[in-house]
Amino acid sequence: PSPPSSNAMSAPPASKKQAPWKGFLSGSLGAMASGAVTHPIDLVKVRMQLYGSTLDGARHAGSAGVAPKAPPGMMRTGYLVVKHEGAFGLYKGLSASLMRQASFIGTKFGAYDLLKSAVPKDADGGLSFWKMTLCGLGAGAIGAAVGNPADLAMVRMQADGRLPKELRRNYRHGGEALARVVREEGVLALWRGCAPTVNRAMIVTASQMAVYDKSKAVILKESGAKDGLAVQTGASFIAGVVAALTSNPIDLAKSRLMTMKPDAEGRMPYSGTMDCIVKTARSEGVGALYKGLVPTAARQVPLNMVRFISVEAMKKLLANID
């Protein structure tokens with residue numbers, strides 16, 4: 001018999017309702033494991049996305065908006081990080097990344113499970129793809145709002161090494177980054193870039209969760225295989241590819257908005273997500289919106305594989321805990 005499409009990520013039996021805290025905990029632990037593994041790729045992605053931004057142009061050319069002619073690729077960017085900052089430079093922002101994984105990703109996994117349980121089921125007892133997509137959009141928005149402060153700290157710490165020494169923030173860890181942002185810029189600065197973060201999270205979460213659930217259900221139905229590592233790996237691979245393609249332009253805008261600084265007259269280079277996307281496309285070409293796509297995909301695919309497999313394992317471990 002074919003498995004219910006809506007419960008592809010649920011380890012516990014359908015007859016045993018999972019406590020909400022289990023979804024949040026399994027999501028947080030699985031996300032932290034995957035985030036630690038893929039952090040160097042994420043740092044390279046951020047550096048590539050910031051290449052050509054107004055601040056980067058000022059660094060290289062002495063005036064805002066003038067970008068270097070030949071942006072480096074993924075391997076070249078990683079090499080430059082190691083050359084100028086050492087091997088541990090690839091792990092800058094790791095503490096903030098783990099904070100982000102626990103708050104942002106854990107919340108969206110838990111929220112996704114809660115929303116799926118609240119949405120009316122179809123006649124077959126499952127959820128159609130569009131309902132899973134809506135749950136993913138909602139979960140992404142909730143997770144992004146909760147996790148934006150940690151996300152901002154992570155992006156700033158990852159980007160710090162590309163700045164001249166006199167402009168670096170030199171946060172020692174994620175906790176200090178949050179404290180200094182509040183002290184130097186105000187509490188609301190913790191949610192700078194929240195709009196693109198929410199937009200990106202909605203797209204990525206809908207892509208990841210709904211596509212994973214749907215892909216897993218189809219694989220189980222068509223192949224007749226049992227739910228296990230091979231099926232989870234295949235479904236998470238598909239989800240990672242889709243998420244990378246749909247989210248990169250917004251992800252680029254998010255990185256630039258979170259790291260931007262005011263010019264000499266106190267004006268910010270971008271007023272919001274769409275302004276950043278339009279200005280980037282106008283000054284650097286439409287293709288610039290996909291800067292960092294290779295590392296984005298290189299991160300999203302293994303990240304999804306490790307994350308979903310880890311979350312499935314955590315759910316299985318927590319299934320019999322009351």
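A salt bridge is counted where a side-chain nitrogen of Lys or Arg lies within 4 Å of a carboxyl oxygen of Asp or Glu. The exercises below apply this criterion to a predicted model.

**Exercise 1.** State which residues join Asp42 in a network of salt bridges, and give the count of salt bridges.

*Solution.* Asp42, Lys45 and Asp251 are linked in such a network. With the 4 Å criterion, the count comes to 19 salt bridges.

**Exercise 2.** Determine whether Lys315 and Asp113 form a salt bridge, and establish which helices the pair ties together.

*Solution.* Step 1: the closest N and O atoms of Lys315 and Asp113 are 3.0 Å apart, and the two residues form a salt bridge. Step 2: Lys315 belongs to helix α10 (residues 293-318) and Asp113 to helix α4 (residues 94-118), so the pair connects parts that are 202 residues apart in sequence. Step 3: Lys315 and Asp113 are both buried.

**Exercise 3.** Classify each partner of the salt bridge between Asp122 and Lys131 as buried, partly exposed or exposed.

*Solution.* Step 1: the side chains of Asp122 and Lys131 meet at 2.9 Å, N to O. Step 2: the class "buried" requires a relative accessible area under 20%, and "exposed" one over 50%. Step 3: Lys131 has 12% relative accessibility and therefore counts as buried. Step 4: Asp122, with a relative accessible area of 27%, is partly exposed.

**Exercise 4.** Locate Asp227 and Lys216 and compare their burial.

*Solution.* Step 1: Asp227 and Lys216 form a salt bridge whose closest N and O atoms are 2.9 Å apart. Step 2: Asp227 sits in the loop between α7 (194-223) and α8 (229-259), while Lys216 is part of helix α7, so the bridge ties together parts eleven residues apart in sequence. Step 3: Lys216 is buried, at 1% relative accessible area, whereas Asp227 is partly exposed, at 43%.

**Exercise 5.** Describe how α7 and α10 cross, and name the residues that make the contact.

*Solution.* Step 1: the axes of α7 and α10 come within 12 Å and cross at roughly 60°. Step 2: this angle makes α7 oblique to α10. Step 3: the crossing is right-handed. Step 4: α7 contributes Arg200, Val204, Gln208, Met209, Tyr212 and Lys216 to the contact, and α10 contributes Arg299, Gln300, Asn304, Arg307, Phe308 and Glu312. Step 5: sorted by class, the contact of α7 with α10 holds four nonpolar, three polar and five charged residues. Lys216 thus appears both in this contact and in the salt bridge with Asp227.

Conventions. Residues are numbered from 1 along each chain as its sequence is written. This is a predicted model: local features need pLDDT of at least 70, side-chain atom pairs count only at pLDDT 80 or more; totals for chains, interfaces and linings use all residues. Side-chain values use heavy atoms; hydrogens and water are left out. Helices (H or I, at least four residues) and strands (E, at least two) are DSSP runs, numbered from the N terminus. Buried means under 20% relative accessible area, exposed over 50%, partly exposed in between (1.4 Å probe, protein chains only). Axes are lines fitted to C-alpha atoms, for helices over the stretch in contact, and angles run from 0 to 180 degrees between N-to-C directions. Angles under 35 degrees count as roughly parallel, over 145 as roughly antiparallel, 65 to 115 as roughly perpendicular and the rest as oblique. A crossing is left-handed if the near helix is turned anticlockwise from the far one by less than a right angle, and right-handed if clockwise. Contact means heavy atoms within 4.5 Å. Ala, Val, Leu, Ile, Met, Phe, Trp, Tyr, Cys and Pro count as nonpolar, Asp, Glu, Lys and Arg as charged, and the others, Gly among them, as polar.
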